[in-house]
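Trainee: Got a minute to go through this one with me? I'd like to talk salt bridges and then strands.

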Amino acid sequence: MAASAKIGAELELKPRHHPRRSFDFGDHPWGGDEDRLPFFRSASRRRGDTWIVSLFVLLHVFAFVATMAVNNCGENSHGDCALEALGRFSFQPLPENPLLGPSASTLDAVGAVRRTLLTEHQSWRLLTAPWLHAGIFHLLINLVSVMYLGIHLEQEFGPLRSGMIYALSALVGSFVSALFVQDSPQVGASAALFGLLGAMLAVLIRYWRHFNDKFAALLIIFSIFSINFAVGLLPYIDNFSSIGGFISGFLLGVVALYKPQRRELPPSKVGLFDYGVQSSLKLKQKLDKPVLRIVALVLFGLVFSGCLVAALWRIDLNQYCSWCYFLNCIASKRWSCNDMTTSCEILQSVERNAELTLTCMANGKFRVFSFTNISPARMGDLCTLICS
């Protein structure tokens with residue numbers, strides 16, 4: 001009887017070791033479907049800060065507010081604005097900018113890329129264009145997507161790798177934009193978002209068998225891609241920068257987005273202070289699939305250096321691809337994708353009620369304005385609008 005009680009007491013004191021489900025993406029084999037994880041985990045199962053994503057979002061918002069302050073539609077457009085109640089921050093009319101944003105001349109002023117400006121050795125625009133948005137619709141759709149993808153990515157892989165993918169994808173996208181841009185201002189804030197999409201796709205493909213909702217995750221990635229690419233078919237948004245960002249993000253995802261394996265230590269290896277812990281796990285660093293990662297790194301290096309050299313040499317790939325333009329902008333009755341150099345005849349009346357008449361030299365269309373104090377840049381915007 002005493003022996004039985006002693007055995008029972010020993011059994012009660014013996015710690016139990018239950019396997020803990022790992023949320024890392026190691027290559028170790030998992031059991032059945034019950035061991036697989038959702039690709040986009042709920043907020044209650046995520047962990048970690050997202051300061052790098054928050055920082056990028058705040059910088060984009062600040063850049064857009066500064067752009068609209070420079071635009072100053074109420075003064076520069078003499079009140080011909082959308083949402084006039086916003087005053088200095090009101091938007092250009094929808095026929096001029098269907099995304100509710102600044103004018104073309106303002107985008108030029110704050111750093112958008114344009115073929116004629118790049119040929120004037122203004123290569124600094126390759127660094128400013130990735131921070132610019134074409135309008136409030138572009139800003140909202142882009143940043144909501146960035147926050148959704150960026151939060152998951154940063155909480156799984158940390159701010160360093162997430163920030164690196166975001167920044168390098170934006171930069172490569174800007175280089176690709178310089179190869180296809182024509183004579184109209186283009187912004188490339190979506191390149192970084194498409195870099196995150198490419199990185200997410202790389203993770204999903206690489207660890208395909210570890211997730212139980214892979215087709216749903218693939219549908220989410222495809223939907224975000226399609227929506228943002230469709231928005232990029234409107235004026236001033238450069239889809240070629242988005243394509244470049246997606247390719248670079250995918251390659252960087254293969255290179256950088258891996259996690260160390262976890263393995264459970266046998267009971268005999270439990271440390272002095274680990275007694276009573278349900279499971280003891282030790283990180284085991286592993287360079288998984290090094291050949292694949294090296295190949296992806298080499299390919300990214302070739303893409304980065306090749307696009308950089310081509311952009312600095314001001315190579316125009318539109319000469320070799322006449323149909324590529326339709327990937328970037330589709331014209332409509334409500335807006336124009338006009339990227340041709342336009343010229344207008346200017347007639348100013350000197351009467352008491354001064355008027356300005358602009359007549360397009362290409363098609364003979366004209367428009368009369370009830371003001372004459374207008375900047376040359378703004379006059380160019382109006383001329384382009386009349387000729388389109």
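Mentor: Sure, one term up front: buried means under 20% relative accessible area, exposed means over 50%, and partly exposed is in between, with a 1.4 Å probe and protein chains only. Mind that this is a predicted model, where local features need pLDDT of at least 70, side-chain atom pairs count only at pLDDT 80 or more, and totals for chains, interfaces and linings use all residues. Residues are numbered from 1 along each chain as its sequence is written, and side-chain values use heavy atoms, with hydrogens and water left out.

Trainee: OK, how many salt bridges are there?

Mentor: The count is 6. A salt bridge here is a side-chain nitrogen of Lys or Arg within 4 Å of a carboxyl oxygen of Asp or Glu.

Trainee: Which residue does Arg-378 form a salt bridge with?

Mentor: Asp-381, with the closest N and O atoms 3.4 Å apart. The two sit 3 residues apart in helix 13 (residues 376-387), about one turn of the helix. Helices (H or I, at least four residues) and strands (E, at least two) are DSSP runs, numbered from the N terminus.

Trainee: And is Arg-378 buried or exposed?

Mentor: Arg-378 is buried, at a relative accessible area of 6%. Asp-381 counts as buried too, at 10%. Through shared partners, salt bridges join Glu-96, Arg-378 and Asp-381 into one network.

Trainee: What about Asp-183, where does its partner lie?

Mentor: Asp-183 pairs with Arg-114, closest N and O atoms 3.4 Å apart. Asp-183 is in the loop between helix 8 (159-180) and helix 9 (190-206), and Arg-114 is in the loop between helix 4 (104-110) and helix 5 (115-118), so the pair ties together parts 69 residues apart in sequence. Both residues are buried.

Trainee: Switching to strands. Why is strand 4 described as largely enclosed?

Mentor: Because 5 of the 5 residues of strand 4 (residues 356-360) are buried, the rest of the structure largely encloses it. In a regular strand the side chains alternate between the two faces of the sheet. Here Leu-356, Leu-358 and Cys-360 are buried on one side, and Thr-357 and Thr-359 on the other.

Trainee: Which strands does strand 4 run antiparallel to?

Mentor: Strand 3, joined by 5 bridges, and strand 5 (residues 366-369), over 4 bridges. Two strands pair if DSSP finds at least two bridges between them. Ile-346 stands opposite Leu-358, while Thr-357 stands opposite Val-368 in strand 5.

Trainee: What's up with Gly-364?

Mentor: Gly-364 takes a positive phi near 80° in the hairpin of strand 4 and strand 5, which has 5 residues between the strands.
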